[in-house]
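Here are some notes for a colleague who is opening this structure and has not worked with it before. Please read them with the sequence and the model side by side.

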Amino acid sequence: MSMINVTLPDGTINEYAEGITCAEVITDALGRKHGCLAAFVDGVEKDMSTKLSSSCSVKGILSVSEEGIHILRHSAAHLLAQAVTELYPGALPTIGPAIERGFYYDFKMDPITEADLKAIQKKMQFLAKQNAVVERIELNEEDLKSHFEHNPYKMEIINDKLEDGAGSTIYKQGEWYDLCLGPHVPNLSRLMFVKLTSVSSAYWRGDQEREQLVRIYGLVEPTKDALQATLKNIEEAKKRDHRKLGKDLQLFHIDEEVGQGLILWTPRGSIIRQELQDFISFHLRRQGYSQVFTPHVGKLDLYRTSGHFPYYQESQYPPLVEKDLMKKLADEGCSCSELANLMKSGDIDGYMLKPMNCPHHVKIYSSQARSYRDLPLRLAEFGTVYRWEQSGEISGMTRVRGFTQDDAHLFVTEEQIAEEVLGCIELVQIIFNKLGMTDYRVRVGLRDPDSDKYVGQPEAWDKAEDACRSAAQSLGVEWTEEEGEAAFYGPKIDFVVRDVIGREWQLGTVQVDYNLPERFDLSYKGNDGEMHRPVMIHRAPFGSMERFVGVLIEHFAGKFPTWLTPTQCHIITISEKHKQYAQEVADLLKEKEIRVLIDDGDDTIGKKIRTHRKMQPAYMVILGEGEAENRTVSLRARNGDQVSDLPLDQFIEDLMAEISNKESQPCLVPSQQQSED
Ligand SMILES: [Zn+2]
Ligand SMILES: [Zn+2]
């Protein structure tokens, strides 16, 4: 028997007899309780039962790793299909992938309801307990087809996906098997902690013309605790969902008659947006930015020069054509496709809702002769842009068709790139820190060394990439370099925030650009008296106000810091008699630009508190006999904690300090409880 060398992750090389399995190697290296459910063999995912026939490297895949959880989920999808076919013998499994949170499987079967999921889940758990071994079996084309001849969906996959004459593999557990490339868990006891969550319908291959199928969704985790934690996070995510909270707290509205994906900022939501914009603007002024305003449309010619038209047409609203011209073309019997061609070729002109603010800012730059003394020129605008997202993609405030970017364009010399990128990053740091968003990471998008699609000089790219790297480094947070993720026109930095329940949100970006200055032939006079080309930096670090506020709603679960809270104080009277004092307190607060609301109605104090807490004010200010007599206030915090008899003047002073310091949470009521409600 010949021997092979197996390299382990720590660099050890062990000699084994050929034919040893991954499971045996890993048990030998890590002991019985290794917790791996598959392995990398020379970096490729394989089953634990894979026999090693030549020297290679082997690394176990733990169920808690990204690859491991994927295998666990896909294996649970198989188990689901086994359970469904045992309970519903006529059901035909089609496809069943792992997805971001769990897995699903689509079946051709009579419709079922959520109530039926319990029995299916029970069956899955029963099968998992039986702990059948999961086997990989290679079959030639003929055998493969004979295994699936009863299932036209699997036959379609075999006929479409496999080359003529090619076989494939099935995975078998007990008597049940599925067409699959694997890898899978070695045995079913790994799948004890499953939970079926919902049932919906889907079309075969996502095609509305094809058969309607039943889709069952589920979750699986390696341990009971992990499953409970996941379920808790899902509950918490539902509670925090900005679409729900946005409605409950009256922050924004989407109206079908206005249009899908077009946000109407209601008064309360507008306060949050305005406070954020003011905060960002303050720091922009401090950093030497100039505010500009530009219109919502631009001529097609502008976007021909910038390259946004016709190349990115799919992601934009269709162009607007001048009324007279439109009438003339219609009279001539011009069809829509002819019109599109005329616009594409530049034979007729029109306007476009702006998909980006950059071309407008470029025109402000080029409106004057520029010299090196003008640089860096930093133009900032909360600029509204429009993109045509597919209707299926639109969701709340985070995927929309019109949005306002916290946009700015910096026109800089090559030598200034590093410092300016750093300035952009500093701003992000200040704002994230104020908002308590301390868990974020940064991705630096670099060019693909094997591609030549990039504009600009390689030496310039090297410098710009270094600038992005060192800026990312300076943040002191986790950052990664991602080769091939740069745009063709320059490297970039992306910000990804992780919220309290572990979800990641991609916010905005800082992007170096060698392309637009070229396309618009921008120049400045250097101190050598020669003309030079500036470099542009696009930056919208928070993405858009819509997305950012959507993320903040979920981040704070609607419980905003006082400075962002739409109504900061809700003043509540205990009875009729305290009306006048309430008005006096409200006037004093308003004078200090504190946002207040008075409830001096007849409801009981208990009822008033219940009503008002729904709107999550920073404080409820409760006023009764004692307060009116002594010129004090009693405060009630969001979690129900209370403090009484604060002198009115002291309260106003402290509240103003809390707001101007932008404290991350209301802090005038000392915490009396172990945990928040
Ligand atoms: Zn499979
Ligand atoms: Zn831009």
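1. Arg-205 is partly exposed, because its relative accessible area of 40% falls between the 20% below which a residue counts as buried and the 50% above which it counts as exposed. As with everything in this note, that value was computed from a predicted model. Arg-205 forms a salt bridge with Asp-160, and the closest N and O atoms of the two side chains are 2.7 Å apart. Since Asp-160 belongs to helix α5 (residues 152–161) while Arg-205 sits in the loop between β11 and β12 (212–220), this pair ties together parts that are 45 residues apart in sequence.

2. Two further salt bridges may be set beside that one, from the 42 found in a search of the whole structure. In one of them Arg-304 pairs with Asp-301, with 2.8 Å between the closest N and O atoms, and both residues lie in helix α9 (residues 300–306), 3 residues apart, which is about one turn of the helix. Arg-304 is buried, because its relative accessible area of 17% is under the 20% limit, whereas Asp-301, at 40%, counts as partly exposed.

3. The other pair is Lys-579 with Glu-576, whose closest N and O atoms are 3.9 Å apart. Lys-579 is partly exposed, with a relative accessible area of 38%, and Glu-576, at 49% relative accessibility, counts as partly exposed as well. Salt bridges can also share partners, and in this way Glu-156, Asp-160, Arg-205, Arg-210 and Glu-211 are joined into one network.

4. Helix α5 deserves a closer look. Its N-terminal end is capped by Asn-151, which places a side-chain oxygen 2.9 Å from the backbone nitrogen of Tyr-153. Tyr-153, Lys-154, Met-155, Glu-156, Ile-157 and Ile-158 are buried in this helix, and the buried residues of α5 pack against β6 (92–93), β7 (103–108), α4 (141–148), β10 and β12.

5. Which residues coordinate the zinc ion (ligand 1)? The donors are NE2 of His-74, NE2 of His-78 and SG of Cys-180, at 2.0 to 2.2 Å, and along the chain they follow the spacing H-x3-H-x101-C. His-74 lies in helix α2 (residues 66–87) and Cys-180 in the loop between β10 (176–179) and β11 (194–203), so this pair ties together parts that are 106 residues apart in sequence. Both His-74 and Cys-180 are buried. When judging the site, please bear in mind that water is not among the atoms, so the coordination may look incomplete.

6. The aromatic side chains should be checked too, as the count comes to 16 aromatic pairs. One of these joins Phe-432 and Tyr-440, whose ring centres are 4.7 Å apart with 70° between the planes, an edge-to-face arrangement. Phe-432 and Tyr-440 are both buried, and they belong to one aromatic cluster together with Phe-495, Phe-542 and Phe-548.

7. Finally, two arginines are placed over aromatic rings. Arg-401 lies over the face of Trp-388, at 3.8 Å from the ring centre, and Arg-370 lies over the face of Tyr-365, at 5.3 Å from the ring centre.

Terms used. Residues are numbered from 1 along each chain as its sequence is written. Chains are lettered from A and ligands numbered from 1 in the order in which they are written. This is a predicted model: local features need pLDDT of at least 70, side-chain atom pairs count only at pLDDT 80 or more; totals for chains, interfaces and linings use all residues. Side-chain values use heavy atoms; hydrogens and water are left out. Donors are N, O and S atoms within 2.8 Å of the metal (3.2 Å for Na, K and Ca); water is not among the atoms, so sites may look incomplete. Helices (H or I, at least four residues) and strands (E, at least two) are DSSP runs, numbered from the N terminus. Buried means under 20% relative accessible area, exposed over 50%, partly exposed in between (1.4 Å probe, protein chains only). Rings of Phe, Tyr and Trp (its six-membered ring) pair if their centres lie within 6.5 Å; planes under 30 degrees apart count as stacked, over 60 as edge-to-face and the rest as tilted. A charge sits over a ring if NZ of Lys or CZ of Arg is within 6 Å of the ring centre and within 35 degrees of the ring normal. A salt bridge is a side-chain nitrogen of Lys or Arg within 4 Å of a carboxyl oxygen of Asp or Glu. Contact means heavy atoms within 4.5 Å. A polar contact is a pair of N or O atoms within 3.5 Å; within protein, one must be able to donate a hydrogen and the other to accept it, and residues adjacent in sequence count only if both atoms are side-chain atoms.
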